[in-house]
Amino acid sequence: MQAARKTFRVLFKVLEWFAMTCMVILTVIVFIDVILRYVFKQGFSWTQEVATLMLVWFSLIGMAIGVLEKIHISIEMFTAKLPAKAIGVLESIDHILIAVFGGAMIYYGIIIMNMTKLSTMPATKLPSAVLYIILPLSGILVLLNAVLVAAKRNGKILEDEPEAGKEDSHA
C-alpha cells in the first residue's frame, strides 16, 4: 500500500507541474503576442492555437487534480445540516457521478480524437487530435481519482496515515 501511495503522490506532483507548465507557456505566449501585435503591429500565426491547446490541457488536468483534492464545486450549505449517514450517501452518489463523467470523457474523447485525427490545425500543422487527446487522458484521471477518493473515507489519498498507536496531533 505504501508503494501505491508513493506512486500516486509522484503522479499527482507530475500532473501539478504539467498543469503549471501549461499555464506558464500560455501566459508567456499570450504576453509576447500582445506585445508583438500592439507595439510592432505583427504577431505569430501560431500563438492562438498553442494558447488554446495550453488552456484546454491546463483546464482538464486541473479538473482531474480538483477531483483528487475534493475541490470541485459543491454546495455544502444544504448538506451541512444533514445527518452523517445522509452525507455519506450523498458523497457516495457524488463519487459515482464523477466517475461516470470521467468514463464519458474517455468514451467521447476517443470518438472526437478519431473524428479529428486526419485534420490538422491551420497554423501549427499539428494533427487536430493533439487538442483532444487530453479528453480521454483526463477522463482516466478523473475516473481513477473519483475511485481513489471514494475508497478513502477522509479523502486524503496522498497524505501519510498516522502509524498505528500514534495519535494525530491535529485532532
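**Exercise 1. Find which residues of the largest nonpolar core touch the most other members, and which helices supply it.**

Step 1. The largest nonpolar core has 28 residues, and Met-54, Ile-61 and Val-142 touch the most other members. Such a core is a set of buried Ala, Val, Leu, Ile, Met, Phe, Trp, Tyr and Cys residues joined through side-chain atoms within 4.5 Å. Buried means under 20% relative accessible area, with a 1.4 Å probe and protein chains only.

Step 2. At least two residues of this core come from each of helix H1 (2-39), helix H2 (47-69), H4 and helix H6 (134-151). Helices here are DSSP runs (H or I, at least four residues), numbered from the N terminus.

Step 3. With eleven residues, H2 gives the most to this core. In soluble globular proteins, nonpolar side chains tend to be buried together.

A word on the model: it is predicted, so local features need pLDDT of at least 70 and side-chain atom pairs count only at pLDDT 80 or more, while totals for chains, interfaces and linings use all residues. Residues are numbered from 1 along each chain as its sequence is written, and side-chain values use heavy atoms, leaving out hydrogens and water.

**Exercise 2. List what Val-142 contacts beyond its neighbours within four places in sequence.**

Contact means heavy atoms within 4.5 Å. With those neighbours set aside, Val-142 meets Met-63, Ala-64, Val-67, Ile-98, Gly-102 and Met-105.

**Exercise 3. Decide whether Cys-22 is buried or exposed, and find what it touches.**

Step 1. Look for Cys-22 in helix H1.

Step 2. Cys-22 counts as buried because its relative accessibility is 2%.

Step 3. Not counting residues up to four places away in sequence, Cys-22 touches Met-54, Trp-57 and Phe-58.

Step 4. Cys-22 and Leu-55 are 33 residues apart in sequence, yet 7.2 Å apart in space, C-alpha to C-alpha.

**Exercise 4. Work out whether Ser-128 is buried or exposed, and where it lies.**

Step 1. Ser-128 sits in the loop between H4 and helix H5 (129-132).

Step 2. Its relative accessibility is 12%, so Ser-128 counts as buried.

Step 3. Leaving aside neighbours within four places in sequence, Ser-128 is in contact with Thr-116, Ser-119, Thr-120 and Met-121.

**Exercise 5. Describe which classes of residue line the largest pocket.**

Step 1. The lining has six nonpolar, four polar and four charged residues. Ala, Val, Leu, Ile, Met, Phe, Trp, Tyr, Cys and Pro count as nonpolar, Asp, Glu, Lys and Arg as charged, and the others, Gly among them, as polar.

Step 2. A pocket is an open set of points on a 1 Å grid over the protein atoms alone, where a 1.4 Å probe fits, with protein on both sides within 12 Å along at least five of seven lines; lining residues have an atom within 4 Å of a point.

Step 3. H4 gives the most to this lining, with seven residues.

How values were computed: Buried means under 20% relative accessible area, exposed over 50%, partly exposed in between (1.4 Å probe, protein chains only).
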